[in-house]
Amino acid sequence: MFRQVRTLASGTDAILAARKDVNRMLETYDRSSYILGHYIPEPARDAFLAIRAFNVEINKIHDGGNNPESVSSRASSQLSNSMGITTSDIKFRFWTDMLTRAFTQPDSTRDIGEPICTLLREAVRNDMNLDISYFHRIMQTRRQFLNDRQFQTVDAICSYGEGTYSQLNYATQGLLLSPSISPSSIRLLENSPDLQTTVSDIAAHIGQATAVSSMILGLEYYSKTKNLVTLPVDIMTKFDLSQESVLRLMNGHTENTQELREQLKNVVYETAITANDHMITARTKLKNLKEGIVETVRSQSDDELLQRHSRNWRKNVPDAIFTPFMVAVPTSLYLRKLERFDFDILHPKFNQKEWRLAWTSFRNYYQRRI
C-alpha cells in the first residue's frame, strides 16, 4: 500500500514538473500560446499547452548549423555519409517514439522523461480526445520543409500551414470536444454536419493564415541563422528580388538598401494579402457558424441538454468551439502591424514587442471575434 501511494505521488510530481517546464518554454518561445492557454478549461489546459509546445520543439529541428565548419554541421554530414541519416532524422524518430509511448501506454507508471509527452499521456489517461495522427502530420510536413528549404508559391506556404498550424488547430478542437469538457458542444455538432464542416474550415483558414504570417515574421531569423529565405519565389521574381539580395539585406549589408527595401515591401505586401484573405474567410465562416448554431438549437427544441446549456453560451457560441479559434488573434495583430508600418519589416520600430495581445484576446473572447 505504501509503495502504491509513493508511486502515485511520484507520478504527480512528474506532472507538476512537466507543467512547469512546458509553461516556462512557452513563456520564452511562444508567449502568445502561453497567454491564450488561460482561456482553455483547466482539465484540458495542460494538453493544450503541450500541443503548442510540441510545435515549438518541432520547429527547432534542423540539420546541423548554418556554419558548415561547426561541430553540429560536421556531425550531421558524417551521419549522412556513413549511415544515410541526418540529425533531423534522429530528432524526428525521438519524437515519434515519445508520442507512441504517450498514446499507446497511457497507464504506464514509468516516467516518460519528456515534459510535453508526460502531459499528453496524462490527457490520454484521463480520456481526453486526442488524436496522434495530427502530431504525425505535423512532423511529416516539417520534414518536407527541411528537404525543400523554400516555397515556390504562396500556395505552397498555405499547404505547409495546412500540414502544421491547421493540424494544431484540429488537435485543439478535438481536445476541447472531449466528453468530460463539453457534452453539449458535442451534441450540437452531432445534430449538424454543416456546423462540423464550418468548424473545421475555420480552423483550416486560421492555420493557413498563421503559416503565411509566420514565414514573414520568421524571415529575419531564417535568413540570419539558416541562410534561408521563407518568402515565395514567384512573388520575389515578380518584383525582381533575388534570394541573395534578401539574405544580404537581412544580414545588414548596406548597398542599394533603399531600392531593395522597396522591393521587399512589395513582396511582403503581396504575400500578406493571402494571409489576410484567409482571415477574412475565417471571420465570414464564424459569422455563418453563429447563425447556424442558433438555427440548430432552435430546431432541437426537445433536446434538454442543448436547451439548458445554450442559454449560457456567450454570443451563442460555446467556449469549446470558440476558444480554439483564438489562436487567430496573434495573427490578426501581426497583419495589422504590417499594415501600420506599410509592410516595411525593416522599420526600426517594427520588432517592438506586441503588448496588445492580452487585452485583445480578452475582448475578443467575450465578443466572440477573431
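Okay, let's start with a definition: rings of Phe, Tyr and Trp (for Trp, the six-membered ring) pair if their centres lie within 6.5 Å, and planes under 30 degrees apart count as stacked, over 60 as edge-to-face, and the rest as tilted. With that in hand, Tyr-39, Trp-359, Phe-362, Tyr-365 and Tyr-366 form one aromatic cluster. We'll come back to that cluster in a minute.

Some housekeeping. What you have on screen is a predicted model, so local features need pLDDT of at least 70 and side-chain atom pairs count only at pLDDT 80 or more, while totals for chains, interfaces and linings use all residues. Residues are numbered from 1 along each chain as its sequence is written, and side-chain values use heavy atoms, with hydrogens and water left out.

So, the overall picture. We have 19 helices and zero strands; those are DSSP runs numbered from the N terminus, H or I with at least four residues for helices, E with at least two for strands. The radius of gyration is 22 Å, close to the 21 Å that the globule rule gives for 370 residues, so the protein is as compact as a globular protein of that length. That radius is taken over C-alpha atoms, and the rule is 2.2 Å times the number of residues to the power 0.38. Along the principal axes, the C-alpha trace spans about 70 × 55 × 35 Å.

Of the 370 residues, 49% count as buried, and buried here means under 20% relative accessible area, with exposed over 50% and partly exposed in between (1.4 Å probe, protein chains only). On contacts, meaning heavy atoms within 4.5 Å: among those between residues at least 6 apart in sequence, 72% join residues at least 24 apart.

Charges next. Lys and Arg count as positive, Asp and Glu as negative, and His and the chain ends are not counted. Each charge is placed at NZ of Lys, CZ of Arg, CG of Asp or CD of Glu. The mean positions of the 45 positive and 42 negative charges come out 6 Å apart.

Now back to the rings. By the pairing rule I opened with, the count is 18 aromatic pairs. Take Tyr-39 and Tyr-365: their ring centres are 5.1 Å apart with the planes at 40°, so that pair is tilted. Tyr-39 sits in the loop between helix H2 (31-36) and helix H3 (42-60), and Tyr-365 in helix H19 (residues 357-367), so the pair ties together parts that are 326 residues apart in sequence. Both ends are tucked in: Tyr-39 is buried at 16% relative accessible area, and Tyr-365 is buried at 8%.

A second pair is Tyr-334 with Phe-350, this one edge-to-face, 6.0 Å centre to centre and 70° between the planes. Tyr-334 is in helix H18 (residues 328-340) and Phe-350 in the loop between H18 and H19, 16 residues apart, so to speak of a link between distant parts of the chain is fair. Tyr-334 is buried at 11% relative accessible area, and Phe-350 is buried at 2%.That same H18–H19 loop holds Phe-343, where phi is near 60°, a positive value in a residue other than glycine. Phe-343 is buried, at 13% relative accessible area.

Where is the other positive phi I picked out, at Asp-127? In the loop between helix H6 (115-125) and helix H7 (132-148). Phi of Asp-127 is near 65°, and Asp-127 counts as exposed at 62% relative accessibility.

Last stop, three buried helix residues. Ile-116 lies in helix H6 and is buried at 0% relative accessibility. Leaving out residues up to four places away in sequence, Ile-116 touches Val-22, Met-25, Ala-50, Ala-53, Phe-54, Glu-57 and Trp-95. Ile-116 and Arg-52 are 64 residues apart in sequence and 9.3 Å apart in space, C-alpha to C-alpha.

Arg-52 turns up again with Asn-169, which lies in helix H9 (residues 165-176) and is buried at 4%. Besides neighbours within four places in sequence, Asn-169 is in contact with Arg-52, Ala-203, Ile-206, Gly-207 and Val-327.

And Thr-271, in helix H15 (residues 257-299), is buried at 1% relative accessibility. Not counting residues up to four places away in sequence, Thr-271 touches Val-154, Val-212, Ile-216, Leu-231, Pro-232 and Ile-235. Thr-271 and Ile-40 are 231 residues apart in sequence and 32 Å apart in space, C-alpha to C-alpha.

That's my tour, thanks.
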